[in-house]
Amino acid sequence: MRSSHPRSAAVSALVATALATGLLAGTADAAEGSASAEPIRIHDIQGTTRISPLNGKQVADVAGIVTGVRTYGSRGFWMQDPDADDNDATSEGVFVFTNAVPTVAVGDAVKVSGLVGEYVPGGVSSGNQSVTQISKPAVTVVSSGNALPEATAINEYNVPAEYAPAGDPAAAGSINGLTLEPSRYALDFYESLEGMNVKIGTSRVVGATDPHSELWVTVKGWENTAKRGGTIYGSYESQNTGRLQIQQLAPIAQQPFPVANVGDKLTGTTEGPLDFNQFGGYTLVARALGTVKAGTLAPEKTKAQAANELAVATYNVENLDPSDPQEKFDNLAKAVVANLASPDILALEEIQDDNGAKNDGTVSAEETIKKFTAAIVAAGGPAYQWRTVNPENNKDGGEPGGNIRQVFLFNPARVSFTDRAAGDSVTPTGVTQEHGKAALTHSPGRIDPANPAWADSRKPLAGEFVFKGKTVFVIANHFGSKGGDEGLTSVHQPPVRSSEAKRLLQAQAVNGFVKQLLAADKNASVLAVGDINDFEFSATAQALEDGGALYSAIKSLPKAERYSYVYQGNAQVLDQILTSPSVKNFTYDSVHVNAEFSAQNSDHDPQVLRFRP
């Protein structure tokens, strides 16, 4: 479905003024006697804000040169006026939505009559910006084989450092009504080029080729550079203005999309129309695609723990179930052994039940875990034992029927698990004292499962371990996802992050439980680990750390190494290990084996912490 923004009173007034002055000559609404007025040009349609002043109006005989044709997905073509005006805020290009496969070709000079509208990819509720377009078109090809308008370069010199203007408080934080300032804000700069023929030079890849045949580059090679070649998202104010998504116009069956990893180079010139899509915002849809020059990035291997060090790791294995290819089990197992150095305790997230997404009431994951631990042994690793608590059917979110949960693996040759009246899906574990030390009432057990914070979400799994006579408490977490949050390119600035509210409650619940452990024994060794689904600088992390109960250990790394996930070209933290005050002199490693690579066994990088209890 394609939808248009409703016209505001201001836009209506603008259109009325345009009608009165004859600027809409050639439209269905043109007044008599205005035939001699200047025809509507593309920059008149685009205007100086994100919403066309002609939104909802018919236009006739709008002239341009075809710069790109898309025969799949949202089918249509881009055209551009080769005779630009002198206003940097007005784009000279526009997308013509044909619905059917377009019959024009690149280089055609065309005249288009149709309906001006604002299409919001993903729908208005997504918070995405809109694409100004002409729909229901009547197209006349005037001539063919014309030279294309010169591509506008996008580079480190002309993309502003400031990301976006603040939204208008009177318009619910929207930037739609603000006049574009392309020399001041990156989002305004890109919007001023919407639909135009643009180009980039050789650029570093900061988001690997994904299954949808797209990758991300940065045109600012120096901007918040990660140690291994990515771009660090280190705060809500460091959105990284140089990031740009790259797709291609040619169908994949006709021209395979190149495979690239983070740190590779997209060399030469990449040129084509600048689109805006639902999954990443501004996107260069390449008519001419550069060549990928491979870098030397390889999966990391962490240092093995010393004999007197306890290694605790966390790994989101992305919906693992027995129906997955054996290759996935084998590759994940090899990573545990070769890249994580067989940690003593491994908290897994997204272990599915024994028949995966088949929604038949199955909740046991014993077959999934057996298959994975057998693969670890086959890869030369230890014979891990495990503990978990099965969820209630379809009560913990994730893929329907999959019943994802957290699982503890532990190497019995190095560490023992203290079983205490194993809890079930609805029974909360608590804190007690034993011989003056903290202990769990249920181990393994779930933390506060009836708390509304965990509705349709994974409940934390707590376990009590002993390493060389010392008790260590580990809490395996998988907080609520970021689903529903608006993207960085949202029409609202700052974007609305609605999912945070739930994670904040979840963090408060875990923090409260840790405080109970510390109240029973101030020197208790506690690690809260897992897929926190939020940044180390977020309110979620701050709530986990409240009162000094925990510390997000990834902050011990240099900023250029703080990430576990790459999203839309931003290397960011989602997976964390947090430590109680007695866990000192630790070594932390975010082991980069997935997030930077096109070939992934999971979309997360595992984390490992080594310390001496």
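A crossing of two helices is called right-handed if the near helix is turned clockwise from the far one by less than a right angle, and left-handed if the turn is anticlockwise. In the predicted model described here, helix H4 passes helix H5 in a right-handed crossing.

**The helix pair**

Two packed helices are described by the angle between their axes and the distance between the axes. For H4 (residues 326-339) and H5 (residues 366-378), the angle is about 55° and the axes lie 8 Å apart. Angles from 65 to 115 degrees count as roughly perpendicular and those under 35 degrees as roughly parallel, and H4 and H5 are therefore oblique to each other. On the H4 side the contact is formed by Gln326, Phe329, Asp330, Leu332, Ala333, Val336 and Val337, which meet Thr368, Lys371, Phe372, Ala375 and Ile376 of H5. The residues of this contact divide into eight nonpolar, two polar and two charged.

**The barrel**

Elsewhere in the model, five strands close into a barrel with mixed pairing, in the order E1-E2-E3-E5-E4. Neighbouring strands of this sheet are turned against each other by 55° on average, with direction ignored. Three of the pairings can be set side by side, each with one pair of opposing residues.

| Strand pair | Sense | Bridges | Residues opposite each other |
|---|---|---|---|
| E1 and E2 | antiparallel | five | Ile65 and Gln80 |
| E2 and E3 | antiparallel | five | Gly76 and Phe97 |
| E1 and E4 | antiparallel | six | Val59 and Gly114 |

Strand E1 spans residues 58-70 and strand E4 residues 109-119, while strand E3 covers residues 93-97. Between E1 and E2 the chain forms a hairpin with five residues between the strands, and in this hairpin Gly73 takes a positive phi near 60°.

**Strand E2**

How many of the residues of strand E2 are buried? Five of the five residues of E2 (residues 76-80) are buried, so this strand is largely enclosed by the rest of the structure. In a regular strand the side chains alternate between the two faces of the sheet. In E2, Gly76, Trp78 and Gln80 point one way, whereas Phe77 and Met79 point the other way, and all are buried. Two of these residues also appear in the pairings above: Gln80 is the bridge partner of Ile65, and Gly76 stands opposite Phe97 in E3. Strand E2 is thus joined by five bridges to E1 and by five bridges to E3.

Notes
Residues numbered from 1 in each chain as written. Predicted model: local features only at pLDDT ≥ 70, side-chain atom pairs only at ≥ 80, totals over all residues. Heavy atoms only, no water. Pairing = 2+ DSSP bridges. Helix = DSSP H or I, 4+ residues; strand = E, 2+ residues; numbered from the N terminus. Axes fitted to C-alpha atoms, helices over the stretch in contact; angles between N-to-C directions. Parallel < 35°, antiparallel > 145°, perpendicular 65-115°, else oblique. Contact = heavy atoms within 4.5 Å. Nonpolar A, V, L, I, M, F, W, Y, C, P; charged D, E, K, R; others polar. Buried < 20%, exposed > 50% of the residue type's maximum accessible area, 1.4 Å probe, protein only.
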